[in-house]
Amino acid sequence: MENKLKTFFSILIIGIFILFGFASIEPDGSTNTTVEMDTSRCMTMPLIITPLSFSVIHRDRKTGLPIPFAKGEFFYTIQVVTMPPGPEGCKYDIKADHKSFTTDSLGRFSETFPSVTQANAADLIRGEIKMDETATYGPGYDLLVNYYGSTDFYFQTLSLKKSDLYN
Amino acid sequence: MKNRIVVLFLIVIILSAGIFIYAITRSESIYLNQWMAELGNGKVLYFFQALVQNVHIPHWIIYSLPDALWMLALTMLILLIWDFKLHRKSILWIAMAIMVGILFEISQRLHIVHGTFDVIDLILMMMAALLPVSIIILKMRLWKTN
C-alpha cells in the first residue's frame, strides 16, 4: 500500500474510532453517575430546601400492564454548585446514593428522602431506575435529570416479557 | 495475507467484546444502547442483559475495560495499516491514536467532552495501546537475535 493511502486509512480509522467513543456517551451528558455541568444555567438562585422523592411504575413493554412485586434499585446523584459563577467557573459537589425497593401489586413504588438544599439554577439531581430481571421479565431501565427546583422523579419503566423475547 | 485476516478477525472480536460490555451493563440512555434497543424492539439488548443479570461484574470491567478494548483495537488497526512495522511514519500514527485516547479522557476531566475522567481508564488504555507495540518490538528483537 502506498504511504499516502496508508495515511488516508489511518485518518479514517482514527475518525471512525472517535465516533465510536462518542457513541458511548449519554445524550444528557452523563457517564457512570454524573451529568456534565451546564454552565449556561449557572446562576445564584434563592435557597430552597425540598425533599427528594421518586415514584416508579413498572409496566410490561408490550401490553402496558403493570408488573407486580418486581425488585429494583433507584440510584441518585445530587450535584450541587459549590462555587458561584466567576473566573474559576461553576463547580459541582457530588453526593450519590441508592435505594433498593420492591414494587407493590400494582407495579408501583414511592419513597421520599431527606431534604435537598439547592441555591443555583445549575444544581441538579440525576435519578436512574434499574429493575431486576424476574422469572418472567427481562430487566428495565430509566433515567431522568431534574434541575433546580424540581426534586420529584416519576419513572415509567418498561420491561419485556421473556416469552416475548423470541417472538 | 493470512495474518492480516487473523488480526482483522481479532480486532472485530475485541470491538464486539467492548460493545457487548456496554450492552449488558450500561443503561439504555447511552447512544450505543439506544441503537441496540432499535434492534428487534429491544429484544437483542434485553437478551444480552438477561444473560448476566445475576452475575456480579467488577467495576473496572464495566467502566474501564471497554475503553481499553477500544484503544487496543485502534492501535492494532493502525499497525495493520502500516504492515506491523515500526518506523518513523507508523510510530507517528500510533502516537496519534494513543493521543486521541488520552485526549478523550483529559477532555472529560476538563468537561470538554461528556463523561467522567478516571485514572484507571487511562492506565488500562495505555496498557492496551502498548501491548501490540510491545509484541512487535519483542518479535523484532527475537528476529534480530536469530
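**Helix packing between and within chains A and B**

In this predicted model, helix H1 of chain A and helix H5 of chain B have axes that come within 10 Å and cross at roughly 170°. That crossing angle makes H1(A) roughly antiparallel to H5(B), since anything over 145 degrees falls in that class. On the chain A side, the contact is made by A:Lys6, A:Phe9, A:Ser10, A:Ile13, A:Ile14, A:Phe17, A:Ile18, A:Phe20 and A:Gly21. From H5(B) come B:Trp70, B:Ala73, B:Leu74, B:Leu77, B:Ile78 and B:Ile81. Sorted by class, the contact of H1(A) with H5(B) has twelve nonpolar, two polar and one charged residues.

As for how far the model can be trusted, it scores ipTM 0.79 and pTM 0.58. Chain B has a mean pLDDT of 83, with 90% of its residues at 70 or more. Where pLDDT is low, the predicted coordinates should not be read in detail.

Chain A, the owner of H1, holds two helices and nine strands. Reading along its sequence gives the pattern α-β-β-β-β-β-β-β-β-β-α. Chain A has 167 residues, and 43% of them count as buried. Take the contacts in chain A with a separation of 6 or more: 71% of them come from residues 24 or more positions apart.

Over in chain B, helix H5 also carries B:Asp67. With a relative accessible area of 17%, B:Asp67 is buried, because the cut-off for that label is under 20%. Setting aside neighbours within four places in sequence, B:Asp67 is in contact with B:Tyr22, B:Glu105, B:Asp121 and B:Met125.

After H5 comes a loop leading to H6, and two residues there have unusual backbone angles. Most residues other than glycine have a negative phi. B:Asp83, however, has a positive phi near 55°, and B:Phe84 has a positive phi of about 55° although it is not a glycine. Both B:Asp83 and B:Phe84 sit in the loop between H5 and H6 of chain B. At 25% relative accessibility, B:Asp83 counts as partly exposed; B:Phe84, at 28%, counts as partly exposed too.

Helix H6 of chain B covers residues 88-109. At 1.5 Å a residue, its 22 residues should span 32 Å, and the end C-alpha atoms are 31 Å apart, so the two values agree. Plenty of names turn up on the buried list for H6(B): B:Ser90, B:Trp93, B:Ile94, B:Ala97, B:Ile98, B:Val100, B:Gly101, B:Phe104, B:Glu105, B:Ser107 and B:Gln108. What covers these residues? The cover includes helix H1 (3-23) of chain A, along with helix H5 (65-81) and helix H7 (119-145) of chain B.

The packing of H6(B) against H7(B) has an angle of about 170°, with the axes 10 Å apart. These two helices are therefore roughly antiparallel to each other. H6(B) brings B:Ile94, B:Ile98, B:Gly101, B:Ile102 and B:Glu105 to the contact, while H7(B) brings B:Asp121, B:Leu122, B:Met125, B:Met126, B:Ala129 and B:Val133. By class, the residues of this contact divide into eight nonpolar, one polar and two charged. Three names here have come up before: B:Glu105, B:Asp121 and B:Met125 are among the contacts of B:Asp67.

Notes: Residues are numbered from 1 along each chain as its sequence is written. Chains are lettered from A and ligands numbered from 1 in the order in which they are written. This is a predicted model: local features need pLDDT of at least 70, side-chain atom pairs count only at pLDDT 80 or more; totals for chains, interfaces and linings use all residues. Side-chain values use heavy atoms; hydrogens and water are left out. pLDDT is the predictor's confidence in each residue, from 0 to 100. Helices (H or I, at least four residues) and strands (E, at least two) are DSSP runs, numbered from the N terminus. The expected span of a helix is 1.5 Å times one less than its number of residues. Buried means under 20% relative accessible area, exposed over 50%, partly exposed in between (1.4 Å probe, protein chains only). Contact means heavy atoms within 4.5 Å. Axes are lines fitted to C-alpha atoms, for helices over the stretch in contact, and angles run from 0 to 180 degrees between N-to-C directions. Angles under 35 degrees count as roughly parallel, over 145 as roughly antiparallel, 65 to 115 as roughly perpendicular and the rest as oblique. Ala, Val, Leu, Ile, Met, Phe, Trp, Tyr, Cys and Pro count as nonpolar, Asp, Glu, Lys and Arg as charged, and the others, Gly among them, as polar.
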